[in-house]
Amino acid sequence: MEKIVSLCKRRGFIFQSSEIYGGLSNTWDYGPFGVELKNNVKSAWWKANVYGRDDILGMDAAILMHPKVWEASGHLKSFKDPFIKCPACLQFFRLDTIWDKIWNSDWFTSLRETMMGDKDSSYLLRWAKTEGKKLAPNLNLVKEPEVTISWIADLHHKFGGVEFDFKTYVGRIACSRDGIARTPCPNCGNPLPEESMAANLMLETLFGPVKETAQKVYLRPETAQGMFVNFLNILDSKHPKLPFGLAQIGKAFRNEVTPGNFTFRTREFEQMEIEYFVKPQEADKKLEEWIESRFNWYLNLGIKKENLRKRPHNKAELAHYAKACTDIEYNFPFGWSELEGIANRTDFDLKQHAQASGRDMRYFDDVAKERFYPYIIEPSGGVDRSILAFLVDAFHEEKVKDDIRVVLKLHKDLAPIKMAVLPLLRNRPEIVEMAKEIAGDLKKSFICVYDDTGSIGKLYRRQDEVGTLYCVTVDVQSLEDKQVTVRDRDTMLQDRVSIDRLKEYLSEKLNIK
Ligand code: GAP
């Protein structure tokens with residue numbers, strides 16, 4: 001992950017926000033290549049889901065909405081993440097991820113490695129006095145090893161064995177003299193409080209210039225509600241027949257308890273959402289169709305199949321509005337995590353808004369002559385998470401002779417720059433002039449850059465690192481035969497192409513008719 005973060009900064013994809021002031025934590029700015037990649041991801045999504053279908057209409061609702069929207073949607077009451085704050089190191093942890101965090105923590109990983117196999121408590125004691133002291137200074141096993149070890153006397157030999165019960169074991173190494181099992185802090189090992197707190201994730205702001213009279217409004221936590229509250233406007237202006245959908249891309253904001261993992265979880269992010277309205281009896285089938293369609297979208301854009309999976313939610317993790325949901329997960333460097341959720345939101349939202357606004361939000365079926373609330377199937381993905389997955393998946397380090405070539409093998413529709421024109425010798429004015437002329441011409445049809453700021457080897461490496469698909473090199477021979485060399489990013493194979501045919505050649509390669 002560090003390699004991706006470093007490449008993103010070094011090559012102008014993603015920077016920390018407000019960096020010159022020390023940065024605003026977990027907030028990111030997209031630089032010159034980042035914004036191109038972002039626009040390409042959004043455009044690929046819009047093309048597949050709006051232009052590529054007859055049953056979806058685009059929308060762009062305001063971020064700020066009437067506060068009653070969030071009352072009706074249930075967000076003000078239910079959009080909460082239970083969390084625990086460690087009293088010693090003051091870090092926050094989401095209740096639902098705390099055991100994963102412990103399992104993956106530095107101290108538990110070190111303890112696990114030390115105790116692998118059939119080790120006795122002398123190893124545990126040694127760990128407590130050495131590694132444990134550094135990694136988990138507040139763990140009871142570290143503070144009072146002899147006392148704590150007595151609570152696990154019957155367990156230690158099972159460590160690493162099939163019967164090993166992780167939570168029981170960890171609970172006991174966190175016991176103090178009272179012998180009561182505790183949940184230790186994933187960061188410092190201190191016993192965590194029993195009671196969790198609940199944080200509302202809604203970000204507030206003031207609507208109006210004078211604080212005393214301004215209205216409290218919210219930065220939307222999902223783009224979805226902008227589509228639900230416009231349902232009647234869409235029916236009245238476009239008269240669509242079921243099933244049909246609305247699509248929107250836009251910013252969303254959440255006061256996340258534990259933002260992190262680069263752009264994976266942030267407080268400001270962008271969503272790509274579809275609200276697909278269906279007859280209730282068709283909801284289950286449409287849900288399955290959308291899961292397939294969205295899964296294939298990522299594959300078609302080059303994500304490796306082995307890095308993508310579907311994970312149906314169990315009842316306990318469903319959002320307050322959902323009857324069923326399947327996540328599309330990506331195998332990020334920090335583990336399998338959600339990329340997109342596809343949910344059956346039933347008629348919950350339309351009914352809630354109908355009740356709160358007093359408007360009849362039912363759909364009229366003019367064949368069956370009946371009014372009813374459609375169900376909603378919602379594929380909801382994150383722009384930033386998709387970008388992160390595309391970057392991770394495309395990142396390759398390859399050994400070329402004695403060197404390591406870093407190359408971003410992004411899909412051709414996503415690559416920020418499609419081609420670069422490079423003069424082989426930058427001190428030869430006639431070569432430079434010819435290369436600039438070619439670049440100027442290609443720019444009329446493609447996203448193309450000209451670069452002469454290094455040796456050809458350096459220029460290739462630089463373009464590989466940002467995923468440029470083709471490098472067009474002008475050399476001495478080009479002055480004579482009016483041909484250039486075109487190098488393919490992935491294979492590094494080179495073709496000699498006549499300048500007359502260059503546009504046609506590149507259009508064919510890029511599949512542009
Ligand atoms: N309207 C439904 C909804 O918002 P969600 O699962 O909470 O569902 C949908 O969010 C998607 O939005 C996620 O799959 C993820 O890609 C993205 N997302 C959610 N919270 C995010 C955050 N804090 N940072 C970045 N992306 C986020």
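## Contacts and overall build

Residues 24 or more positions apart supply 64% of the protein's contacts, counting those with a separation of 6 or more. These values come from a predicted model.

The protein has 513 residues, and 50% of them are buried. Its secondary structure comprises 20 helices and 23 strands. Along the principal axes, the C-alpha atoms fill a box of roughly 90 × 70 × 50 Å.

## Surface and charge

The protein exposes about 24900 Å². Carbon and sulfur atoms account for 50% of that area.

There are 75 positive and 75 negative charges. Their mean positions lie 1 Å apart.

## A seven-stranded sheet

One sheet is open and contains 7 strands. Their order is 3-9-10-16-13-12-11, and the pairing is mixed. Strand 3 (56–59) and strand 11 (308–312) form the edges. Each has a single partner strand, so one side of each lacks a neighbour in the sheet. On average, neighbouring strands are turned by 25° against each other, direction ignored.

Within this sheet, strand 13 (residues 335–346) and strand 16 (residues 375–382) run antiparallel. The two are joined by 6 bridges. One residue pair can be located by name: E340 has G381, in strand 16, as its bridge partner.

## Helices against the sheet

Helix 13 (residues 231–238) packs on the sheet. Its contacts there are with strand 3, strand 9 (244–253) and strand 10 (268–278). The direction of helix 13 makes about 140° with that of strand 9.

Helix 14 (residues 283–300) lies across strands 3, 10, 11, 12, 13 and 16. Strand 12 covers 324–332. Helix 14 runs at about 150° to strand 13. Strand 3 and strand 10 are thus touched by helix 13 and also lie under the path of helix 14 across the sheet.

## H353, a buried histidine

H353 sits in helix 15, which spans residues 348–357. Is H353 buried or exposed? Its relative accessible area is 5%. The cut-off for buried is under 20%, so H353 counts as buried.

Which residues does H353 touch, leaving aside those up to four places away in sequence? The list begins with V69, A72 and S73. Q225, F228 and V229 are also in contact with H353. G358 and M361 complete the set.

Terms used. Residues numbered from 1 in each chain as written. Predicted model: local features only at pLDDT ≥ 70, side-chain atom pairs only at ≥ 80, totals over all residues. Heavy atoms only, no water. Pairing = 2+ DSSP bridges. Helix = DSSP H or I, 4+ residues; strand = E, 2+ residues; numbered from the N terminus. Axes fitted to C-alpha atoms, helices over the stretch in contact; angles between N-to-C directions. Contact = heavy atoms within 4.5 Å. Buried < 20%, exposed > 50% of the residue type's maximum accessible area, 1.4 Å probe, protein only. Areas by Shrake-Rupley, 256 points an atom, 1.4 Å probe, with all protein chains shown as cover. Lys, Arg positive; Asp, Glu negative; His and termini not counted. Charge placed at Lys NZ, Arg CZ, Asp CG, Glu CD.
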